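Subject: Handover of a structure and its findings

Dear colleague,

Please find below the structure that I am handing over to you. Kindly look through it before reading the notes that follow.

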Amino acid sequence: ALQYRIGQLYMISKHSHEQSDRGEGVEVVQNEPYEDPNHGNGQLTEKRVYLNSKLPSWARAVVPKIFYVTEKAWNYYPYTITEYTCSFLPKFSIHIETKYEDNKGSNDSIFDKEAKDLEREVCFIDIASDEIPERYYKESEDPKYFKSQKTGRGQLKEGWRETHQPIMCSYKLVTVKFEVWGLQTRVEQFVHKVVRDILLIGHRQAFAWVDEWYDMTMDEVREFERATQEATNKKIGIFPPAISISNISMPSSTRSAPSSAPSTPLSTDAPEFLTVPKDRPRKKSAPETLTLPDPAK
């Protein structure tokens with residue numbers, strides 16, 4: 001489990017740096033220890049994701065030229081809460097809960113408590129055989145062809161989830177809300193596809209970069225994360241002290257999130273023409289299920 005955490009942190013930092021350019025990319029606003037009375041010690045990270053050019057043409061036509069998505073993540077591994085909100089759309093949000101278990105995706109009831117009354121669709125993500133958007137494909141990051149020099153793992157063949165040991169699974173419960181009449185279904189479907197693609201691409205990279213992070217300690221990957229985030233902020237035109245990393249836990253009185261169910265407040269009301277009837281039912285989505293080898297064993 002520790003090796004998975006290190007690989008995930010390494011992947012997120014390196015991927016964010018690779019995908020960033022001047023004016024666009026991932027700005028780290030804060031990254032600091034956080035303690036919750038129910039979940040224990042964790043890490044709170046807040047980022048701003050600038051991505052206008054990556055939107056589909058139908059979306060670019062109706063959004064400002066410069067906008068960002070705010071990502072807040074509370075990581076109490078093996079449980080994580082991540083929330084996304086948009087700088088100009090108070091009716092839009094994405095809520096993701098993640099749990100990790102040492103199995104091949106066989107726990108069908110892992111989110112029964114959290115999603116008891118929700119309409120759900122279960123989606124299995126296979127890092128070896130699922131197709132990714134062509135623009136993101138690299139043969140060196142393809143688990144079907146990659147073989148680790150340090151661990152001997154790799155070249156995952158069809159059916160690897162049934163035979164590979166050790167193995168672990170990342171379970172995700174993804175809820176998308178976009179309360180704008182006429183665009184709700186289209187936007188929610190698009191967001192679910194984007195989330196799925198990001199999970200697939202990111203975990204393929206974490207697996208394919210294993211020889212880069214396998215020997216790192218948690219302290220070393222945190223230092224890599226700090227240095228990479230500072231370089232990324234400079235790359236997109238955000239300069240220190242925009243990044244804030246602290247080794248000291250903040251006093252409870254200064255924390256902005258509720259103790260057990262963190263959320264991002266939405267303080268702005270939508271323009272009148274964007275409001276939606278209050279009784280309109282909203283479809284909530286489904287756990288994403290991602291299975292991958294556990295490098296810890």
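A residue is called buried when its relative accessible area is under 20%, exposed when it is over 50%, and partly exposed in between. Please also bear in mind that this is a predicted model.

**Salt bridges**

By this definition, E212 is partly exposed, because its relative accessibility is 38%. Its side chain meets that of K14 in a salt bridge, with 2.8 Å from N to O. The two residues belong to distant parts of the chain: E212 sits in helix α5 (residues 210-213) and K14 in helix α1, 198 residues apart. K14, in contrast to its partner, is buried, since its relative accessible area is 18%.

A salt bridge also brings together the side chains of D130 and R196, at 2.9 Å from N to O. D130 lies in the loop between β6 (123-126) and α3 (160-163), and R196 lies in helix α4 (residues 184-208), so this pair ties together parts that are 66 residues apart in sequence. D130 has a relative accessibility of 17% and therefore counts as buried.

In a further salt bridge, K144 is joined to D142, and their closest N and O atoms are 3.3 Å apart. K144 counts as partly exposed because its relative accessibility is 29%, while D142, at 1%, counts as buried. In addition, E223, R226, E230 and K234 are joined into one network by salt bridges that share partners. The whole structure contains 13 salt bridges.

**Helix α6**

Helix α6 covers residues 218-235, which makes 18 residues. From its first C-alpha to its last it reaches 25 Å, close to the 26 Å expected at 1.5 Å a residue. Which residues of α6 are buried? They are V221, E225, T228, Q229, T232 and N233. Seen down the axis of α6, these buried residues fall within an arc of 135°, so they line one face of the helix. The elements that cover them include α1 (2-19) and β1 (25-36).

One pair of residues deserves attention here. V28 is placed in strand β1, and Q229 is among the buried residues of α6. Although V28 and Q229 are 201 residues apart along the chain, their C-alpha atoms are separated by 6.5 Å. V28 is buried as well, because its relative accessible area is 3%.

**Strands β3, β4 and β5**

Strand β4 (residues 79-86) is mostly covered, with seven of its eight residues buried. Strand β3 (residues 68-76) is joined to β4 by eight bridges, and the two run antiparallel. Within this pairing, T70 stands opposite T85 in β4. The hairpin that joins β3 to β4 passes through two residues.

Strand β4 also pairs with strand β5 (residues 92-101): seven bridges join them, and they too run antiparallel. Here I81 stands opposite E97 in β5. The hairpin formed by β4 and β5 has five residues between the strands.

**Cysteines**

How many disulfides are there? The count comes to zero. A disulfide is a covalent bond between the sulfur atoms of two cysteines. C86 counts as buried, because its relative accessibility is 12%. C169 is buried too, since its relative accessible area is 0%.

With kind regards

Conventions
Residues are numbered from 1 along each chain as its sequence is written. This is a predicted model: local features need pLDDT of at least 70, side-chain atom pairs count only at pLDDT 80 or more; totals for chains, interfaces and linings use all residues. Side-chain values use heavy atoms; hydrogens and water are left out. Helices (H or I, at least four residues) and strands (E, at least two) are DSSP runs, numbered from the N terminus. The expected span of a helix is 1.5 Å times one less than its number of residues. Buried means under 20% relative accessible area, exposed over 50%, partly exposed in between (1.4 Å probe, protein chains only). The arc is that of the directions from the helix axis to the C-beta atoms. Contact means heavy atoms within 4.5 Å. A disulfide is a pair of cysteine sulfur atoms within 2.5 Å. Two strands pair if DSSP finds at least two bridges between them. A salt bridge is a side-chain nitrogen of Lys or Arg within 4 Å of a carboxyl oxygen of Asp or Glu.
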